[in-house]
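Please open the structure in your viewer, with the sequence panel beside it, and follow the stops below in order.

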Amino acid sequence: MEKLAEGYSLIEGPVWDPQRGLIFSDVLKGGVFCLDSDGVVSAVFEHRRGIGGMARHAVDGMVVSGRNISFKPFAPGDTVLLLDRDEANSNVGYNDITTDGKGRIYAGSLGSSPVFDDGREPHAGDLYLIDLDGSARVVAEDVLLTNGLGLSPDGRTLYHSDTGRQTVFCYSVDSDGSLGEKRPFVSSDRGGPDGLVVSEDGAVWVALAGGNGVGVYAADGSLREHIEIPLPMCTSVCFGGEDLKDLYIVSGSDGAGSDTAGAVFKCRTEVAGLPVPQAKVSLGGGSGA
C-alpha cells in the first residue's frame, strides 16, 4: 500500500483517465485535481465544492455532481447543466454517478446534504437515469444516503450503496436503462458502504466509510477480503494503470485528528477492473454553474 498524496479534507469521485492519470475531488475544500504518473498533483477545476461523483465524457471533459449534474470541459469553455436539483421536492443535489455501456448516466440524488448543514431533516433521495438525448427520469426511489454505483461485467446488474441503510443493493437492468426490483446485495457492520467499483471477474469492491478500508465481495455477495488503509474514513475506490490492476483508494479526514488528512492510496491487485465507459449524453442543455 502506497500513499501517493495527502493534505485534503474529503476526497471523493476518483476516476481513471488513461491520458491524464487519477482525477479526484475535494468535497469540502472544493476543486478537482489530477495525480499524474510522476506523482504530481495539479488542479483541473477550481473552487466548486460538493462534487461526490465524476465521469469522463466523450467530448473532452468531465461530468460532475454536486448541487447539479453538469459537464465541465477540460479546455476553457462553458459549463453545461445536465440535470438540476429540485429543492421544492427534497432534491438538494447529487452524489455518486456512473455510466453504462451506451454512455448513459446513473446519478443518485440527495434529500439532504450529508456534509453541509442545510438545516433540513434527513430525507430519502432517488436514483436518476440521464439518457443519451439529455432527458432524465427516476428509475429507483427511497435511497436514504446515495453513494457508490457500478455495473456488472455483462451490464445487466447495477450495484448501489445506500450508506443510510448500511447496505449495497442491486437491481436488474433493462435494455432501456430501467431498473427492476431493488434487492440487498451485501450489508456491512464494518463501516458504511460508500463508493464502489467492479472488477472484470464480477467482484464488487466497496469503500467502507469508518471501516478503514475496502471490502471485496464476490458476485454471490460473500466477503473475499478486506483491504486496509491507515485512515478510518475510506470514501471511494477505482481501478487504474495501463492494465487496470492499480487499485486507487481515497479517504477523508474524519477520525484522523486533522481536517487535512484526506489521502490517496494505491495497491496492486491480481484481477483487473472493468473499464468505466465514457458518458455520451447530449450536451445541448443550457449553461450550468
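How many bridges join strand β16 to β17? Select residues 167-172, which make up β16, together with β17, and you will find four bridges between these two antiparallel strands. Strands here are DSSP runs (E, at least two residues; helices are H or I runs of at least four), numbered from the N terminus, and two strands pair if DSSP finds at least two bridges between them.

Before going further, please note that this is a predicted model, in which local features need pLDDT of at least 70 and side-chain atom pairs count only at pLDDT 80 or more, while totals for chains, interfaces and linings use all residues. Residues are numbered from 1 along each chain as its sequence is written, and side-chain values use heavy atoms, with hydrogens and water left out.

**The sheet around β16**

Keep β16 and β17 selected and click on Phe169, whose bridge partner in β17 is Pro184. Now add β14 and β15: the four strands form an open sheet in the order β14-β15-β16-β17, with antiparallel pairing. The edges are taken by β14 (146-151) and β17 (183-187), and because each has a single partner strand, one side of each is left without a neighbour in the sheet. Neighbouring strands of this sheet are turned by 25 degrees against each other on average, direction ignored, where the axes are lines fitted to C-alpha atoms (for helices, over the stretch in contact) and angles run from 0 to 180 degrees between N-to-C directions.

**A second open sheet**

Next, select β10, β11, β12 and β13, which in that order form an open sheet of four strands with antiparallel pairing. Here β10 (93-99) and β13 (136-143) are the edge strands, each with a single partner, so one side of each has no neighbour in the sheet. In this sheet, too, the average turn between neighbouring strands is 25 degrees, direction ignored. Between β12 (residues 125-130) and β13, which run antiparallel, there are five bridges, and Leu127 stands opposite Ala140 in β13.

While you are on β13, select Asp142, which is found in this strand. Its phi is near 60 degrees, a positive value in a residue other than glycine. Most residues other than glycine have a negative phi. Asp142 counts as partly exposed because its relative accessibility is 39%; buried means under 20% relative accessible area, exposed over 50%, and partly exposed in between (1.4 Å probe, protein chains only).

**Two hairpins that share β20**

Move to residues 213-217, strand β20, where five of the five residues are buried. On one side, β19 (residues 204-209) runs antiparallel to β20 and is joined to it by five bridges, with Trp205 and Val216 as bridge partners. These two strands form a hairpin with three residues between them, and Gly210 in the turn has a positive phi of about 85 degrees. Asn212 is found in the loop between β19 and β20; its phi is near 60 degrees, again positive in a residue other than glycine, and Asn212 is partly exposed, with a relative accessible area of 25%.

Then add β21 (residues 223-228), which runs antiparallel to β20 and is joined to it by five bridges. Gly215 stands opposite His226 in β21. This hairpin has five residues between its strands, and Gly221 in the turn has a positive phi of about 90 degrees.

**The nonpolar cores**

Which residues have the most contacts inside the largest nonpolar core? This core has 18 residues, and those to select are Trp205, Val214, Ile227, Leu247 and Ile249. A nonpolar core is a set of buried Ala, Val, Leu, Ile, Met, Phe, Trp, Tyr and Cys residues joined through side-chain atoms within 4.5 Å. Two or more residues each come from β19, β20, β22 (234-240), β23 (246-251) and β24. A second, separate core of 15 residues includes Val80, Tyr94, Ile97 and Ile105.

**Two single residues to finish**

Select Val264 in strand β24 (residues 262-268), which is buried, with a relative accessible area of 0%. Its C-alpha atom is separated by 4.6 Å from that of Val250, 14 residues apart along the chain.

Finally, go to Ser70 in strand β8 (residues 68-73). Ser70 counts as buried, at 0% relative accessibility, and its side chain makes a polar contact with the side chain of Asn68 (2.8 Å). A polar contact is a pair of N or O atoms within 3.5 Å; within protein, one must be able to donate a hydrogen and the other to accept it, and residues adjacent in sequence count only if both atoms are side-chain atoms.
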